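Here are some notes for a colleague going through this model, written as numbered points. Please read them with the structure open beside the text.

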Amino acid sequence: MIHIALIDDNPTDIDIGKQYLKAYFKGRCDAANMEINVTSYMDGPSFLADFRPGDFDLILLDIYMPQMEGTDVAMEIRKLDEGVKIIFLTTSREHALEGYKVFASGYILKPVVSHKKELFRALDHALPKGSLKPAVLSAKIPGCETLRIPFSRILYMDCSEGRNASIHLMDKTINTTNTFQELSAGLAEDPRFFECYHRLMVNMDYIESMEEDSFLLKGNLSVPISRRKKKEVKQHYMQYMLGK
């Protein structure tokens, strides 16, 4: 399932946005059997009151709204979720610089009916081919239960006692009965994850700053950088950030 938020204070624009999203995904063969869920909001504060990291794959966000401008909403989103894609909808390019600050995937002029092709190109960029596959990690926990954990919620994964993997989320740590090698193979296929230290894979979307020997993550957490691979690790991170 693809979860999309559409935030606009104009009901007509919301209806048009939903119609175009439906038409866009109908034309994508990789979305043929996938449910597309679009949740609409009339203002930023009501959206932020509901928003949790990993809730949405894409957010279409109007900039000019009376209660809270879209650029301010985007700043609040980025404090919680570095990975979600944001496309701005606006009647002016005046705030283009703010779009770069929050790594927006598009900046579409309104009325959208006059810029349908630009919207579809922005959607292609935000959700490239192959990205519609569910990004979840299936992990076993004691008691033989299997949890499906969205990649977007994982800050990092390392080893607990022995070879078993521990998955660290913002609000909890999940100790699994899987080995690190079993789970790291799945994470390694996603460009967000990189082994910055022996048996430690970090989600680069949660990195707030790069220190000399560590990465500082959201939630005031820190993970080490391998001394042996320090140059490689830092170059990999910088390339990832440049490509966002």
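1. Is Asp 205 buried or exposed? In this predicted model, Asp 205 counts as buried, because its relative accessibility is 4% and the cut-off for buried is under 20%. The residue belongs to the loop that joins strand S12 (200–203) to strand S13 (207–210), and its side chain makes a polar contact of 2.7 Å with the side chain of Tyr 240.

2. The strand that follows this loop, S13, belongs to an open sheet of three strands, ordered S13-S14-S15 and paired in the antiparallel sense. S13 and S15 are the edge strands, each pairing on one side only, and neighbouring strands of the sheet are turned against each other by 30° on average when direction is ignored. Between S14 and S15 the antiparallel pairing runs over four bridges, and within this pair Phe 215 stands opposite Val 223 of S15.

3. The loop between strand S14 (214–217) and strand S15 (221–224) contains Asn 220, which deserves a look at its backbone, since its phi is positive at about 60° although the residue is not a glycine. As a general matter, most residues other than glycine have a negative phi. Asn 220 is exposed, because its relative accessible area is 68% and the cut-off for exposed is over 50%.

4. A second backbone of this kind is found at Arg 199, a residue other than glycine whose phi is positive and near 55°. Arg 199 lies in the loop between strand S11 (193–197) and S12, and with a relative accessible area of 25% it is partly exposed.

5. Which residue takes a positive phi in the hairpin of S6 and S7? Here the residue is Gly 143, with phi near 100°, in a hairpin that has three residues between its strands. The two strands, S6 (residues 136–141) and S7 (residues 145–150), pair in the antiparallel sense over six bridges, and the bridge partner of Lys 140 in S7 is Thr 146.

6. A further open sheet has five strands in the order S2-S1-S3-S4-S5, and its pairing is parallel. Its edges are formed by strand S2 (36–41) and by S5, each of which pairs on one side only, while neighbouring strands are turned by 20° against each other on average, again with direction ignored. S4 (residues 85–90) pairs with S5 in the parallel sense over four bridges, and Phe 88 stands opposite Tyr 107 in S5.

7. On the packing against this sheet, helix H3 (residues 70–80) lies across strand S3 (58–62) and S4, and the helix runs at about 175° to S4. The angle is taken between N-to-C directions, so the helix and S4 run in nearly opposite directions.

8. The last point concerns a peptide bond, the one from Lys 110 to Pro 111, which is cis with omega near 5°. In general, most peptide bonds are trans. Pro 111 is placed in the loop between strand S5 (106–109) and helix H5 (116–126), and this loop therefore follows an edge strand of the five-stranded parallel sheet.

Notes:
Residues are numbered from 1 along each chain as its sequence is written. This is a predicted model: local features need pLDDT of at least 70, side-chain atom pairs count only at pLDDT 80 or more; totals for chains, interfaces and linings use all residues. Side-chain values use heavy atoms; hydrogens and water are left out. Two strands pair if DSSP finds at least two bridges between them. Buried means under 20% relative accessible area, exposed over 50%, partly exposed in between (1.4 Å probe, protein chains only). A polar contact is a pair of N or O atoms within 3.5 Å; within protein, one must be able to donate a hydrogen and the other to accept it, and residues adjacent in sequence count only if both atoms are side-chain atoms. Axes are lines fitted to C-alpha atoms, for helices over the stretch in contact, and angles run from 0 to 180 degrees between N-to-C directions. Contact means heavy atoms within 4.5 Å.
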